[in-house]
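Visitor: Could you pick one part for a close look and then show me where it leads? I'm a first-year student, so please explain the terms as you go.

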Amino acid sequence: MLIYLQKNILQQKFNSVLKLDKNKYIPLRNGDIHMIKKVDKKNRFVSMFNPKTGFYVRTGIIDENGKDTGIDPFMTTFPELIDVGVMGHCKHGSSGLCIKSGVQCYQNGLNTYQPNMSLENFKRIVDECRGKTYQLALGGRGDVDQHEQFKEILSYCKNNNIVPNFTSSGLGFTDNIIDICKQYCGAVAISWYRQEHTLKAINMLLVAGIKTNIHYVLGKNSIDEAIERLKTNDFPKGINAVIFLLHKPVGLGKENNILSINNDKVRTFYSIVDTYEFDFKIGFDSCNVPALVNLTSNLNKDSFDTCEAGRWSMYITADMKALPCSFDNQDLKWSYDISNDTIQNAWDSQQFENFRNYFKMSCNNCRDKLSCLGGCPIKRQIVLCERKEKILFENQN
């Protein structure tokens with residue numbers, strides 16, 4: 001899940017939607033704004049999502065009197081967002097493009113080839129998610145826009161009231177692809193590859209009026225550039241946001257590219273985010289939350305949402321394996337095969353529960369436990385925290 005940082009947040013009031021005896025999933029309309037409301041009776045909360053703008057808000061746990069306690073629910077009964085890896089192989093990655101661009105592919109696209117997800121399997125996912133899941137983030141090992149049935153995938157999502165989004169290198173963009181994106185996508189993200197095709201793809205999206213984000217992988221090899229670009233406001237004009245994704249040593253990702261909280265450049269980067277104003281939004285993947293908790297003071301912590309894997313979201317591989325997080329795509333340590341099974345059974349499985357135990361058992365004496373939950377269960381070395389209360393649970397799964 002991606003989080004957008006805000007220095008001031010308009011608090012959404014839920015006075016009329018706190019009762020848990022309402023329908024589970026209800027399209028609402030407020031003026032010209034369409035909202036979808038979901039009531040989770042088991043975990044006692046209400047969430048709302050605007051499919052037009054991407055705005056999402058949820059209550060805290062609701063008590064017996066219908067009052068919001070302000071305590072964030074730990075999880076939902078069915079994932080609100082699913083990252084669907086429709087791509088099994090990447091022609092750009094296998095050609096060496098990503099390595100040349102300095103991107104260390106966590107899907108190991110240079111060396112791995114699997115068939116793309118079939119449209120039949122994708123439709124089966126959407127059918128089970130209908131009325132339960134707000135968004136499908138499409139990805140996997142390659143550019144989604146190069147899937148053989150790209151348009152059919154997006155249209156089937158949209159026709160079932162689920163917002164599709166995806167990330168691409170933009171290398172294979174055509175006018176037809178842009179038209180399809182404009183018709184069906186909530187937003188499109190372009191990976192920051194520092195190439196001519198990167199800027200061309202961004203410009204094509206902006207000219208078409210499509211909400212455009214940049215995905216920027218943040219590691220030792222890219223933090224200097226990030227600092228300089230933020231200081232000088234040097235990202236393409238007109239973009240919606242720059243989303244910083246923390247480098248993980250998965251796939252082709254190298255250990256020596258991991259950031260350290262004791263690095264002065266790391267502290268400088270988060271200080272800039274904390275104190276500067278930009279022409280675009282700044283966002284992070286939730287892997288960054290430990291650093292945001294430790295290294296910022298001006299940001300509203302209500303805009304932080306720590307690792308949601310196995311709690312609010314999941315990943316499904318091209319060959320139909322459900323994982324709490326896409327960064328388990330190499331080891332498949334918490335994998336649950338849904339080829340002949342359901343997403344719900346994967347969500348309720350012992351594998352997923354074992355994964356959640358990390359959050360429940362880590363850093364129990366820390367004052368910011370609920371803001372952070374110990375960070376990443378998969379790669380503990382990326383957790384940007386040096387507090388003495390940092391005691392990360394050893395998951396024996």
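Guide: Let's start at asparagine 161, which is partly exposed, with a relative accessible area of 38% (buried means under 20%, exposed over 50% and partly exposed in between, with a 1.4 Å probe and protein chains only). Before going on, you should know that this is a predicted model, where local features need pLDDT of at least 70, side-chain atom pairs count only at pLDDT 80 or more, and totals for chains, interfaces and linings use all residues. Residues are numbered from 1 along each chain as its sequence is written, and side-chain values use heavy atoms, with hydrogens and water left out.

Back to asparagine 161: you'll find this residue in the loop between α4 and β8 (helices are DSSP runs of H or I with at least four residues, strands are runs of E with at least two, and both are numbered from the N terminus). Asparagine 161 isn't a glycine, yet its phi is positive, at about 65°.

Now look at the two elements on either side of that loop. Take α4 and its partner α3 (residues 119-129): the two helices pack at an angle of about 15°, and their axes are 10 Å apart (axes are lines fitted to C-alpha atoms, for helices over the stretch in contact, and angles run from 0 to 180 degrees between N-to-C directions). So α3 and α4 are roughly parallel to each other (that label goes to angles under 35 degrees, while over 145 is roughly antiparallel, 65 to 115 roughly perpendicular and the rest oblique). Their crossing is right-handed, which means the near helix is turned clockwise from the far one by less than a right angle; anticlockwise would make it left-handed. From α3, the residues in contact are Leu119, Phe122, Lys123, Val126 and Asp127, and they meet Glu152, Ile153, Tyr156 and Cys157 of α4 (contact means heavy atoms within 4.5 Å).

On the other side of the loop is β8, a strand of residues 163-168 that includes serine 168. Is this serine buried or exposed? At 1% relative accessibility, serine 168 counts as buried. Its side chain makes a polar contact with the side chain of aspartate 145, at 2.6 Å (a pair of N or O atoms within 3.5 Å; within protein, one must be able to donate a hydrogen and the other to accept it, and residues adjacent in sequence count only if both atoms are side-chain atoms). The serine 168 side chain also reaches the backbone nitrogen of glycine 170, at 2.8 Å. If you skip the neighbours within four places in sequence, serine 168 is in contact with Asp143, Asp145, Phe173, Ala189, Ile190 and Ser191.

Both α4 and β8 turn up again around helix α5 (residues 175-184), as part of what covers its buried residues, along with β9 (188-191) and α6 (196-207). Which residues of α5 are buried? They are Ile177, Ile178, Ile180, Cys181 and Tyr184. Looking down the axis of α5, you'd see these buried residues within an arc of 160°, so they line one face of the helix (the arc is that of the directions from the helix axis to the C-beta atoms). An α-helix has 3.6 residues a turn, so residues three or four places apart point the same way. Over on the other side of α5, Asp175, Asn176 and Lys182 are exposed.

For another helix pair, try α7 (residues 223-231) and α8 (residues 264-275), which pack at an angle of about 30° with their axes 10 Å apart. That makes α7 roughly parallel to α8. Here the crossing is left-handed. Among the residues making the contact are Ile223, Ile227 and Leu230 of α7 and Val266, Phe269 and Ile272 of α8.

Finally, remember the positive phi at asparagine 161. Cysteine 363 has a positive phi too, about 50°, and is not a glycine either. Cysteine 363 sits in the loop between α11 (350-361) and α12 (369-372), and is buried, with a relative accessible area of 10%. Aspartate 368 lies in the loop between α11 and α12 as well, and is buried at 11%. Leaving aside neighbours within four places in sequence, aspartate 368 is in contact with Val293, Lys301 and Arg387. Glutamate 389 is 21 residues away from aspartate 368 in sequence, and their C-alpha atoms are 9.8 Å apart in space.
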